[in-house]
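Colleague: I have a model open and a list of terms that I do not trust yet. Could you show me how each label is earned?

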2 protein chains.
Amino acid sequence: MAVPFTASDAARLDELDPLRPFRDRFVLPEAVTYLDGNSLGALPKRVADAVGEAVTRQWGEGLVGSWNTADWIGLPQRIGVLLAPLIGATAAEVVACDSTTINIHKLVTAARKLQPTRDIIVCERTNFPSDAYAVQAIARATGASVIEADAHDISEAIASAGSRLAVVELTHVHYKTGYMYDMAAVTEATHRQGGLIVWDLAHSAGAFPVDLSGCQADFAVGCGYKYLNGGPGAPAFVYVARRHLGLVDNPLQNPGQNPVQNPVQNPLPGWMGHAQPFDFAHEYQPAAGVDRMLTGTPSVLSMVALEAALLDWADVDLAQVRKKSVALTELFIRLVDEQLEGYGFDLASPRVAAQRGSQVSLTHPEGYAMVQALIDRNVIGDFRAPDILRFGVTPLYTRYVDIWNAVDALRAIMHDETWKQPRFRTPKHVT
Amino acid sequence: MAVPFTASDAARLDELDPLRPFRDRFVLPEAVTYLDGNSLGALPKRVADAVGEAVTRQWGEGLVGSWNTADWIGLPQRIGVLLAPLIGATAAEVVACDSTTINIHKLVTAARKLQPTRDIIVCERTNFPSDAYAVQAIARATGASVIEADAHDISEAIASAGSRLAVVELTHVHYKTGYMYDMAAVTEATHRQGGLIVWDLAHSAGAFPVDLSGCQADFAVGCGYKYLNGGPGAPAFVYVARRHLGLVDNPLQNPGQNPVQNPVQNPLPGWMGHAQPFDFAHEYQPAAGVDRMLTGTPSVLSMVALEAALLDWADVDLAQVRKKSVALTELFIRLVDEQLEGYGFDLASPRVAAQRGSQVSLTHPEGYAMVQALIDRNVIGDFRAPDILRFGVTPLYTRYVDIWNAVDALRAIMHDETWKQPRFRTPKHVT
């Protein structure tokens with residue numbers, strides 16, 4: 001075995017970290033080791049000012065006129081412009097709206113309707129509950145069957161559906177284990193059967209570069225409040241590939257490329273997705289592009305926070321984010337191996353970096369109490385039933401010393417058995 | 001004709017107004033006559049502090065722990081508690097979530113599924129677009145027919161549907177004209193045919209007392225950002241009568257009252273509507289009460305603003321609100337009669353107070369330019385295509401002098417023909 005890694009090794013890696021300056025853009029309490037940015041991203045400093053301005057000046061003084069003068073009405077699209085480069089999309093393919101769950105309902109239903117004679121939806125057996133509930137409800141409502149597979153059997157399940165395959169719905173990175181699908185391969189397997197895929201990017205967007213266009217993905221949803229740091233319950237987003245919007249890239253350069261005859265329709269139509277919302281027309285006429293996926297009035301204050309948070313990404317090199325994310329999670333795993341042997345932990349996340357998102361999960365039957373004991377020591381990870389200790393790394397602000405601190409604290413509570421104290425064993429909400 | 005009403009009459013009415021002190025709770029620019037609280041309510045002073053606290057302390061310092069320590073997770077229900085007395089509901093029947101449009105989709109679909117053999121949905125021909133689009137989409141998706149009637153023919157349309165009547169969906173107060181349905185009578189007419197009713201309270205909640213329970217209403221949705229002052233794009237709310245939730249009022253006092261066998265189901269299920277969200281169960285098990293209508297993660301910052309705004313309603317006498325609202329709209333109509341004769345305006349709102357919500361609408365073919373010319377004089381109403389000038393009165397902060405100022409300004413721009421200036425005729429968004 002190599003020489004054990006030490007706290008000063010961690011400090012040295014932080015000194016050499018090219019992303020180090022980004023941490024200064026966030027509010028992070030000095031004493032806290034925060035490894036829960038995959039549940040709620042930290043507060044970007046510019047957000048407090050932006051929200052204050054939106055409340056006091058735009059709403060308070062500008063009143064209803066701010067829909068125009070502060071361009072509140074353009075928030076869903078402006079956020080789309082900022083999001084697009086993070087997920088390998090063009091600005092015309094992304095808008096912010098509603099919650100992730102509502103958007104899963106929209107896109108899976110919409111995809112299901114594009115090829116109505118196909119009647120199988122494939123998803124993952126341990127997908128996030130909202131994904132599972134949406135797929136189950138849509139299958140019931142539209143007379144489809146659901147094939148639920150384990151992650152390593154997904155390609156087989158997709159192949160088995162054959163010409164009946166309508167839609168595949170998957171969370172790209174698993175919320176509990178951090179297992180990451182090969183987006184290109186699974187998308188290709190889906191298309192080979194003539195199906196359409198909806199990717200849930202909840203644990204991907206902002207965690208590493210995503211290439212929806214390069215993977216030929218059809219649809220995606222994502223979450224604003226995790227790695228994107230948009231604030232608690234931030235608006236989610238919707239991605240629809242241009243080819244499903246009836247958009248032609250450039251009619252002059254692409255004379256043979258016709259818009260598809262069957263562009264996607266929003267199954268939850270509302271006034272904001274109308275071609276001319278302010279005509280207040282009685283008949284629904286969908287907007288030309290991805291705007292058709294909008295439904296109701298945008299949640300302005302939450303969108304202002306998300307927009308401000310996304311401005312911080314303009315000068316971020318996503319390749320560096322991924323590189324540091326891998327280094328941080330590898331260090332975490334190494335330290336678990338070195339320091340926690342014999343305490344009964346298992347690694348729930350893949351050891352192969354290419355299969356791992358930006359988190360490390362451990363299993364332990366007493367995980368709940370351990371997470372509480374860590375929180376008591378200002379190390380914030382989270383617990384996921386029944387037995388998962390989950391630690392997210394968010395390279396814009398997570399330091400190597402945070403990884404060191406977390407595993408060191410875990411070692412200490414195991415060594416001293418502090419996690420056995422009754423106060424750590426009373427269930428509370430964990431989000 | 002009586003002696004004409006004057007500006008000093010208006011000032012005297014304000015002095016005598018028992019609701020006068022409430023205006024101090026709002027941020028309102030000195031120079032502005034604001035008659036657009038039916039589009040965006042003014043900023044309650046306490047909201048800026050509440051949002052600042054939520055961003056800086058709860059999110060910034062408390063981080064993910066604030067889901068528990070600041071009880072973010074309880075926001076949808078806490079808002080329900082505050083809303084219930086404003087709409088004649090019990091706290092167990094109301095939660096805040098999503099947008100009004102999304103909630104219309106939820107409730108009309110849910111109501112449609114309760115009696116699947118009935119296949120007619122009745123709505124109003126000039127309903128707000130989102131209401132119309134939702135009803136049209138749900139009818140297509142579920143194989144129902146839509147009967148669209150004019151407001152005065154609604155009871156006839158309901159009767160004509162007979163035993164095929166599934167759902168009636170109506171906006172209680174019309175967004176353009178301010179026409180108000182008799183909620184008790186229309187609900188009774190619906191029930192007489194065995195149908196269920198969904199009321200859209202966008203222009204009712206906070207405008208006057210609403211009595212959903214007393215009217216035996218089945219379902220309702222409402223908007224947080226108009227008369228409730230919850231902020232731009234504030235979360236909406238959902239009301240479901242207890243009898244559709246399978247709740248028994250008091251089993252000891254009501255031994256014969258059994259929960260209905262067929263409680264309402266959320267057609268857009270998500271993790272927040274699960275009986276035990278933090279079990280992350282794969283099978284959906286709806287929460288016991290109205291919480292089942294929740295879908296995704298609550299939009300915390302927007303909900304914090306709405307909650308703070310609703311705290312201002314705790315000591316408001318809604319009967320006084322209605323009384324003043326009627327007095328203000330009657331004054332508006334009187335002044336239009338006295339001062340705008342011959343300029344080509346028609347009154348679009350009912351003259352009978354009992355049929356009028358808290359707004360006055362005029363029609364004029366050049367209404368768009370006139371509203372722009374009024375805004376230029378700091379009188380804020382809004383325009384609704386094709387020809388409606390709309391003025392909302394919000395008794396907590398609208399003064400009698402505001403009504404005077406508005407009609408006086410309208411008289412001035414007509415007399416001087418300033419509305420004819422080209423700068424007022426370029427279309428912009430009007431929300």
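Modeller: We take the labels one by one, each with its definition.
This is a predicted model: local features need pLDDT of at least 70, side-chain atom pairs count only at pLDDT 80 or more, and totals for chains, interfaces and linings use all residues. Residues are numbered from 1 along each chain as its sequence is written, chains are lettered from A and ligands numbered from 1 in the order in which they are written, and side-chain values use heavy atoms, with hydrogens and water left out.

Colleague: Why is B:Leu170 called buried?

Modeller: Buried means under 20% relative accessible area, exposed over 50%, and partly exposed in between (1.4 Å probe, protein chains only). B:Leu170 has 0%, so it is buried. It lies in strand 7 (residues 165–171) of chain B. Helices (H or I, at least four residues) and strands (E, at least two) are DSSP runs, numbered from the N terminus.

Colleague: Which residues is B:Leu170 in contact with, leaving aside neighbours within four places in sequence?

Modeller: Contact means heavy atoms within 4.5 Å. The partners of B:Leu170 include B:Cys123, B:Ile154, B:Tyr181 and B:Trp199. B:Ile154 is 16 residues from B:Leu170 in sequence, and 9.5 Å away in space, C-alpha to C-alpha.

Colleague: How do you know whether B:Thr190 is buried or exposed?

Modeller: Its relative accessibility is 0%, so B:Thr190 counts as buried. B:Thr190 lies in helix 8 (residues 183–192) of chain B. Among the residues it touches are B:Ile158, B:Leu165 and B:Val168.

Colleague: What makes a set of residues a nonpolar core?

Modeller: The members are buried Ala, Val, Leu, Ile, Met, Phe, Trp, Tyr and Cys residues, joined through side-chain atoms within 4.5 Å. The largest nonpolar core here has 231 residues. A:Ile87, A:Trp199, A:Leu201, B:Ile87, B:Trp199 and B:Leu201 touch the most other members. Apart from it lies another core, of 37 residues, including A:Phe345 and A:Ala385. In soluble globular proteins, nonpolar side chains tend to be buried together.

Colleague: What is special about the bond between A:Ala385 and A:Pro386?

Modeller: That peptide bond is cis, with omega about 5°. A:Pro386 lies in the loop between strand 14 (382–384) and strand 15 (388–392) of chain A. In chain B, a cis peptide bond joins B:Ala385 and B:Pro386, again with omega about 5°. Most residues other than glycine have a negative phi, and most peptide bonds are trans.

Colleague: Which sign does phi have at A:Asn378?

Modeller: Positive, about 65°, although A:Asn378 is not a glycine. A:Asn378 has a relative accessible area of 33%, so it is partly exposed. B:Leu63 also has a positive phi, near 50°. At 3% relative accessibility, B:Leu63 counts as buried.

Colleague: How many salt bridges are there between chain A and chain B?

Modeller: A salt bridge is a side-chain nitrogen of Lys or Arg within 4 Å of a carboxyl oxygen of Asp or Glu. The count between the two chains is 0. Yet 78 residues of chain A are in contact with 78 residues of chain B.

Colleague: What area do chain A and chain B bury between them?

Modeller: About 6,400 Å², with 69% of it on carbon and sulfur atoms. Buried area is the accessible area (1.4 Å probe) that two parts lose on being put together, summed over both.
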